[in-house]
Amino acid sequence: MANMSVAISKNKPAAVLPAVAVFGCGNMGGAIIRGLCRTGYADSTNIVGCDTDPDQLKALAEETGIRLTSDPVEAGRGADVLIVAVKPKLVEPVIRQLAAG
């Protein structure tokens with residue numbers, strides 16, 4: 001079923017693809033972003049990566065074309081899909097920041 005939804009999404013213009021915010025752009029978050037871009041589920045211009053490591057963000061943006069921020073509230077603003085890909089001890093602080101924003 002997942003492959004079917006991806007195939008359907010590939011044919012949609014970027015305007016109707018979901019806006020995605022990914023919190024944590026390390027190994028797991030980076031892999032998710034690359035997969036979203038590669039499969040066509042989301043257009044790179046509709047993905048915002050949020051991480052506290054500016055070098056990690058810059059490298060991923062250069063590779064994929066995503067937008068960047070270190071502010072979780074800014075990243076989540078206007079997103080249709082929120083993906084939390086941070087270490088377990090950081091999940092609660094990220095969620096709290098989003099809830100407060």
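V94 is placed in helix α5 of this predicted model. At 10% relative accessibility, V94 counts as buried, because the cut-off for a buried residue is under 20% relative accessible area. Apart from its neighbours within four places in sequence, V94 is in contact with F23 and V86. V94 can also be related to V73: the two residues are 21 apart in sequence, and their C-alpha atoms are 9.0 Å apart in space.

## The protein as a whole

The secondary structure amounts to five helices and four strands. Read from the N terminus, the order of the elements is α-β-α-β-α-β-α-β-α. The protein has 101 residues, of which 37% are buried. Its accessible surface is about 6,100 Å², and carbon and sulfur atoms account for 56% of that surface.

Contacts also link parts of the chain that are separated in sequence. Among contacts between residues at least 6 apart in sequence, 63% join residues at least 24 apart.

## Helix α3 and its two sides

Helix α3 spans residues 54–64, and within this helix L57, L60, A61 and T64 are buried. Seen down the axis of α3, these buried residues fall within an arc of 100 degrees, so they line one face of the helix. The spacing has a general basis: an α-helix has 3.6 residues a turn, so residues three or four places apart point the same way. The face of α3 turned away from the buried side carries the exposed residues D55, K58 and E62.

Against which elements do the buried residues of α3 pack? They pack against helix α2 (27–39), strand β2 (47–50) and strand β3 (67–69).

Both ends of α3 show a local feature. At the N-terminal end, D53 caps the helix, with a side-chain oxygen 3.0 Å from the backbone nitrogen of D55. Just after α3, G65 adopts a positive phi of about 90 degrees.

## T64 and R34

T64 belongs to helix α3, whereas R34 belongs to helix α2. Is T64 buried or exposed? T64 counts as buried, at 15% relative accessibility. R34, by contrast, counts as partly exposed, at 32% relative accessibility.

With neighbours within four places in sequence left aside, T64 is in contact with I33, R34, C37 and S44. On the same basis, R34 is in contact with L60, E63 and T64. The contact between T64 and R34 is thus one example of the packing of the buried residues of α3 against α2. R34 can further be related to I66, which is 32 residues away along the chain; the C-alpha atoms of R34 and I66 are separated by 9.8 Å.

## Strand β4

Strand β4 covers residues 81–84 and includes V81; V84 lies in this strand as well. V81 is partly exposed, with a relative accessible area of 24%. V84 is also partly exposed, and its relative accessible area is 33%.

Leaving out neighbours within four places in sequence, V81 is in contact with P18, A19, V20, A21 and Y41. V84, with residues up to four places away not counted, touches F23, V91 and I95. F23 is also one of the contacts of V94.

The table gives residue pairs with their separation along the chain and their C-alpha to C-alpha distance.

| Pair | Separation in sequence | C-alpha to C-alpha distance |
|---|---|---|
| V81 and A21 | 60 residues | 6.3 Å |
| V84 and G24 | 60 residues | 6.6 Å |
| V94 and V73 | 21 residues | 9.0 Å |
| R34 and I66 | 32 residues | 9.8 Å |

## The largest pocket

The volume of the largest pocket is about 380 Å³. Its lining consists of 18 residues, and those closest to the centre of the pocket are G24, D51, T52, V86 and L90. Two of these names have appeared above: G24 is paired with V84 in the table, and V86 is in contact with V94.

Which helix gives the most to the lining of this pocket? Helix α5 does, with four residues. Helix α5 covers residues 88–100, and both α2 and α5 supply at least two residues of the lining.

How values were computed: Residues numbered from 1 in each chain as written. Predicted model: local features only at pLDDT ≥ 70, side-chain atom pairs only at ≥ 80, totals over all residues. Heavy atoms only, no water. Buried < 20%, exposed > 50% of the residue type's maximum accessible area, 1.4 Å probe, protein only. Arc of directions from axis to C-beta. Contact = heavy atoms within 4.5 Å. Polar contact = N/O pair within 3.5 Å; in protein donor to acceptor, adjacent residues only side chain to side chain. Areas by Shrake-Rupley, 256 points an atom, 1.4 Å probe, with all protein chains shown as cover. 1 Å grid on protein atoms, 1.4 Å probe; cavity = no way out; pocket = protein on both sides within 12 Å on 5 of 7 lines; lining within 4 Å. Points joined across faces, edges and corners; volume = space filled by probe spheres on them.
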